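Some words used for protein structures sound like everyday words, yet each rests on a cut-off. The turns below ask how such words are earned.

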Amino acid sequence: MITSIIPLTACEDVPDYKVQSEPVIEAYLYEGDPVDDIILKKSSLYNEEDNDQTTYLTNANVHIILDSESYELSMMPGEAGRYEYTGDDLTIKIGETYRIEFEHEGETVHAETTIPPLPENGNISHDEIYIPLIDTPSELRDFTESFQETIDITWNNENDDYHYLLIENIEANPEPINQLEALAGIGENFEYVSSPTQSNIFSLRATVHYNQFGLHRVTLFHVNEEYAQLYETTSQDSRDLYEPFTNVKNGLGIFTGFSSVTFYFEVLKK
Amino acid sequence: MKSPKIPGYLDFFRSKSILSIYMKKTAILFCFIFMGFYAHSLELKRLFNQSGSPEKITISGIVKDLATGETLPFANVFVVGTNNGTTTNIDGYFTLFDVPVENTSIRVKYIGYEAKTIKVASTMANTNIEIFLTPTTEQLDEVVLSAETEQQVVRFNKKVSQVALSPKELASIPNLGEKDIFRALQLLPGVSGTNESSAGLYVRGGTPDQNLILLDGFTVYHVDHFYGFFSAFNSEALKDIQLYKGGFPAEFGGRISSIMELTGKTGNNNKFTLSAGASLLSANIAMEIPLGKKANLLIAGRRSYTDIIQSGLYQDIFDLYNDDSSFGSDDQNMGGDFQNQRNETEPTFHFYDLNAKLSYRPSDQDIISLSLYNGEDNLDNSRESQNTFGQDNEGSVDTNISDVLNWGNLGSSLRWARKWNEKLYTKTIVAYSNYFSKRDRLSDVTVQRTDSTTNSVLGIIEDNELKDLTARLHAEYQINSDHMLEFGGQYTSNQVKYDYIMNDSLEIITRDNDGNLASLFVQDNWSATSKLDLLGGIRVSHFDITEEIYYEPRISGTYQLSDEIKLKAAWGKYYQFVNRIVREDVTQGSRDFWLLANDETNPISSSEHRIFGISYENDGWLLDVEYFEKDMTGLSEFSLRFQSALRSGSDDQYFFEGTGIARGVEFLLQKKVGAYTGWLGYTLSEVVHTFPDISDNPYYALHDQRHELKWVNMLKIGKWDLGATWVYGSGKPYTAPDGEYTITLLDGTTYEYVSVGDKNGLRLPPYHRLDLSATYSFKLGGGTGNAGLSLFNLYNRTNIWYKEFEVVEDNVIETNVNYIGFTPSIFFNVKF
């Protein structure tokens with residue numbers, strides 16, 4: 001009996017609970033680019049003062065590890081918490097698995113990601129489209145009811161991988177298609193970001209995915225599931241709390257890689 | 001491809017862990033002891049029969065209540081001055097072998113009744129004798145209370161981890177106006193006494209769903225009324241309660257923690273009886289109607305009226321003691337400029353239940369009964385609150401939550417029991433049970449800033465229904481005075497539906513499953529020697545969803561070291577095929593629902609019990625210590641916290657499988673007889689769950705409680721019954737949001753995420769409360785009555801049930817949902 005009681009004094013391996021802020025990684029690796037988009041910060045606690053200010057982790061000893069090679073990052077001058085690799089011997093390559101790692105309060109915070117292949121066989125259905133200028137409400141109604149032409153971006157996606165698209169107007173002085181809403185964003189380049197999709201086609205519709213005349217750039221990103229998961233977690237509601245997605249061990253946030261292809265199309269006045 | 005499943009018992013024998021090796025040795029030792037003593041007893045019996053002996057007879061009969069003619073289950077019948085004894089079965093029948101005729105008496109004892117001694121005569125052989133016991137509560141005049149008067153509310157130490165409770169004696173336990181079986185059971189060591197809101201009993205680290213509740217043979221899936229303040233069972237309709245806290249025998253199956261077997265009253269055979277009672281919260285009425293000489297009908301009903309009489313004494317007192325903890329915030333800042341405000345809420349409720357039982361005795365050997373139970377609860381947890389934020393309180397958050405739940409159980413059984421002869425008894429049951437639970441919650445939040453107003457509405461609908469159709473056969477064959485063989489089978493067909501819908505359209509879960517379970521069991525109650533009793537058996541089940549066969553070997557035994565000291569041990573394997581899933585909800589408190597196990601999303605649960613104990617008992621006192629350890633596998637939890645954000649249409653992602661271990665030591669000191677009775681119980685225990693997909697580390701289960709102390713005092717002075725109970729439990733775990741962080745996605749948008757703290761990493765404050773009661777019994781015309789006062793939570797301790805959180809504008813609004821504060825109650829009962 002005595003021997004059976006003794007184990008109770010030593011509890012199971014349940015760690016002691018501590019309310020403490022956790023390290024957060026916000027790091028993106030782009031195929032073909034240098035490593036310069038690594039941000040380290042800390043979560044803020046509700047019961048501490050100034051919790052609306054982001055606390056960055058400065059002077060962290062951060063490494064990107066590829067195979068057995070370790071590349072030490074340094075903090076970018078004037079940008080607290082943002083790190084880069086200043087050497088020229090590290091280029092992000094498709095198919096390689098990278099690990100980020102640093103020590104924080106006695107624990108190794110780390111995450112891994114593999115750079116996905118370029119979107120396969122990406123194609124744009126046509127590189128120009130004619131759109132009428134919309135000046136009156138009746139023209140707008142006619143346009144929305146009758147204009148069905150789309151620009152289709154297609155790619156091969158047998159494995160149902162995640163992709164998303166960024167559509168940007170790259171004119172110096174873009175002119176709105178719909179003059180009725182011209183004042184709203186005058187002079188600004190329209191930009192549309194799709195949510196991650198497992199499809200193999202994305203149809204660009206006028207006034208939805210682009211609403212200005214001129215040259216547009218479409219970037220088709222091939223992303224990992226971890227990014228898609230985090231993206232979807234943005235719908236987290238404070239009244240229905242759950243832990244946001246993270247692929248970081250001993251921390252929070254995201255470390256993920258991308259590859260992309262680019263297309264261009266021009267919107268012309270009919 | 002699924003790998004072939006190795007039966008659990010083989011896992012155990014193949015395992016190389018120290019614990020398993022230890023248990024392996026224990027099990028093998030049990031087997032050797034069992035086989036060795038079996039051979040030894042047969043040999044002794046052979047030698048004894050050869051040598052000749054004085055005339056001995058077999059006495060067979062039935063034990064009944066003198067006043068009502070009701071049969072009394074689980075009464076002790078034994079030959080005075082010997083260890084030769086037995087227990088009546090659930091229908092009151094017993095058979096006592098090898099009773100010497102010369103100068104011998106048999107004694108019958110049953111809690112709540114005067115013990116009776118009968119001189120043995122040779123004419124008793126081969127006839128069915130009837131023994132009538134006088135209930136102690138019928139005696140309103142002052143009686144001499146002695147060891148012979150079994151007036152205890154509970155009786156421990158009969159078998160390993162088994163406790164008997166007398167519904168007749170419950171008046172001595174403080175309550176909230178109703179005699180309550182769960183309130184009494186929660187005062188036992190090993191049964192959590194700090195769950196006013198429990199959906200049943202948390203027994204030795206198990207959850208209520210792991211506790212099989214049988215009422216006249218049908219399973220009851222939801223067993224309490226609101227807050228757990230009342231059990232769903234009307235004690236006026238019950239005759240006997242047996243609780244097996246662990247190590248239970250093979251005749252019971254389908255649960256991995258504990259068994260509660262309730263036997264309904266058959267009613268008064270001799271005269272029409274009407275009883276009625278009322279408290280500040282509810283009223284009850286019961287009728288016992290004889291129908292000729294062979295049949296009778298019992299009808300008992302209860303309903304609370306707190307929803308109707310809002311301005312009554314109860315409400316006045318309730319408001320008086322809870323005015324500072326109702327709606328609104330108490331502005332408790334948690335540091336800095338942040339107004340982490342706390343709101344309090346008290347739900348309103350009403351419930352009803354109905355018991356009916358028709359009994360028919362076509363012969364002395366047969367009992368046929370039709371039993372019906374229907375109970376339902378309605379809980380309205382709706383509330384409004386207003387909180388402010390900003391340096392000058394310029395912003396406000398208006399929260400309007402409509403939250404309505406209703407749940408209940410409908411159950412029925414048709415039962416035929418027959419004592420074929422002095423050796424063979426059978427009971428056949430066909431039973432139906434239907435559990436339902438529905439929750440409709442709509443949250444409407446308006447955030448008002450100096451320059452804008454935003455409004456959001458979030459709705460949740462949960463609908464759970466479980467149907468259980470069971471046929472069961474149980475046979476008892478009394479081979480001789482040393483062996484009683486029990487065997488039987490059971491077939492259960494379950495249908496379980498569960499819908500969980502958010503915002504009227506998003507179906508988080510929709511389930512509609514059928515499952516069939518077929519089981520056989522055999523067990524032997526073996527008096528191996530005059531000091532050693534063993535109960536060994538095995539249960540074999542087939543579950544059609546998994547197409548697997550499950551083996552559940554079990555053994556328990558007691559060894560009488562001396563007249564007072566008894567050693568006890570039990571070991572067993574248990575499986576469960578319908579599970580209650582805990583739906584973790586950090587913001588709104590965790591809820592639960594029933595689902596059929598399928599070994600894919602919510603697995604078959606299993607457990608292995610190991611129990612060792614020692615007790616010292618004399619006529620007046622009992623000191624009992626039991627160590628228990630329960631390994632559990634196939635535990636399920638459901639959470640939205642960890643859902644895959646990419647909704648694939650499958651709800652599998654919301655279920656998590658884990659394991660658990662519960663272990664602890666129970667100490668009990670009981671004063672059994674005299675004007676003052678009671679007990680002091682202490683449990684030291686821990687319940688640790690391991691769910692790898694929820695937490696990197698093991699964590700304490702929601703119902704983990706390190707220390708629990710219960711002090712129960714009952715004093716009988718003349719016509720007065722006085723009671724005082726004090727319960728203390730260390731704080732239980734909970735999970736809370738602890739911070740936030742931002743991530744800028746590739747499109748340049750910065751999102752704010754809430755970081756949820758370690759799973760169950762925080763502890764609520766300790767729970768404790770003192771209850772008092774005083775009951776006065778009297779004669780009223782041709783009947784009897786009692787009236788009394790009960791003071792619940794006398795010193796108005798604010799015990800927290802759970803916490804709700806809302807995160808708005810960088811603030812955490814924390815709401816404590818509390819248990820009920822000081823609540824006095826008066827009650828009045830009459831019986832004619």
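A salt bridge is a side-chain nitrogen of Lys or Arg within 4 Å of a carboxyl oxygen of Asp or Glu. With that rule, a search of the whole structure, which is a predicted model, finds 30 salt bridges over all chains.

Q: What makes the pair B:R204 and B:E666 a salt bridge?
A: The rule asks for a side-chain nitrogen of Lys or Arg within 4 Å of a carboxyl oxygen of Asp or Glu, and the side chains of B:R204 and B:E666 meet at 2.6 Å from N to O, so the pair qualifies. Since B:R204 lies in the loop between α3 (181–185) and β12 of chain B, while B:E666 is in strand β37 (residues 655–671), the pair ties together parts that are 462 residues apart in sequence.

Q: Why are B:R204 and B:E666 called buried?
A: Buried means under 20% relative accessible area. B:R204 has 3% relative accessibility, and therefore counts as buried; B:E666 has 2%, and therefore counts as buried as well.

Q: How do you know that B:R302 forms a salt bridge with B:D353?
A: The closest N and O atoms of B:R302 and B:D353 are 2.8 Å apart, and the limit is 4 Å, so the pair meets the definition. This pair links distant parts of the chain, with B:R302 in strand β20 (residues 295–304) and B:D353 in strand β22 of chain B, 51 residues apart. Against the limit of under 20%, B:R302 is buried because its relative accessible area is 3%, and B:D353 is buried because its value is 1%.

Q: Which of the two words, buried or partly exposed, fits B:D704, and which fits B:R763?
A: The side chains of B:D704 and B:R763 meet in a salt bridge, at 2.7 Å from N to O. They too link distant parts of the chain, since B:D704 is in the loop between β39 (699–700) and β40 (707–717) and B:R763 is in strand β45 (residues 762–763) of chain B, 59 residues apart. Partly exposed is the range between under 20% and over 50%. B:D704, with a relative accessible area of 0%, is therefore buried, whereas B:R763, at 34%, counts as partly exposed.

Q: What makes several salt bridges one network?
A: Salt bridges that share partners are joined, and in this way B:R204, B:K245, B:K568, B:D624, B:E626 and B:E666 form one network.

Q: Why are β10 and β13 of chain B said to stand at the edges of a sheet?
A: The open sheet has six strands in the order β10-β11-β16-β17-β12-β13 (chain B), with mixed pairing. β10 (154–155) and β13 (218–219) each have a single partner strand, so one side of each is left without a neighbour in the sheet.

Q: How do you know that β12 and β13 of chain B are paired?
A: Two strands pair if at least two bridges are found between them; two bridges join β12 (residues 211–215) to β13, and these strands run antiparallel, so the condition is met. B:L215 stands opposite B:F218 in β13.

Q: What lets B:L291 belong to a nonpolar patch on the surface?
A: Patches are made of residues with over 30% relative accessible area and no salt bridge. B:L291 has a relative accessible area of 39%, and is therefore over that limit and partly exposed. This leucine lies in strand β19 (residues 282–291) of chain B, and its partners in the patch include B:L354, B:L410 and B:Y432, with about 770 Å² of accessible area for the patch together.

Q: Why is A:H216 called buried, and what does its side chain reach?
A: A:H216, in strand β17 (residues 214–223) of chain A, has 0% relative accessibility, and so falls under the 20% limit and counts as buried. Its side chain reaches the backbone oxygen of A:G214 at 3.0 Å, and makes a polar contact with the side chain of A:N169 at 3.3 Å; the limit for such a contact is 3.5 Å.

Methods. Residues are numbered from 1 along each chain as its sequence is written. Chains are lettered from A and ligands numbered from 1 in the order in which they are written. This is a predicted model: local features need pLDDT of at least 70, side-chain atom pairs count only at pLDDT 80 or more; totals for chains, interfaces and linings use all residues. Side-chain values use heavy atoms; hydrogens and water are left out. Helices (H or I, at least four residues) and strands (E, at least two) are DSSP runs, numbered from the N terminus. Patches are made of residues with over 30% relative accessible area and no salt bridge: like charges are joined within 9 Å, nonpolar side chains (Val, Leu, Ile, Met, Phe, Trp, Tyr) within 5 Å. Accessible areas come from the Shrake-Rupley method with a 1.4 Å probe; for residues, only the protein chains shown count as cover. Buried means under 20% relative accessible area, exposed over 50%, partly exposed in between (1.4 Å probe, protein chains only). A polar contact is a pair of N or O atoms within 3.5 Å; within protein, one must be able to donate a hydrogen and the other to accept it, and residues adjacent in sequence count only if both atoms are side-chain atoms.
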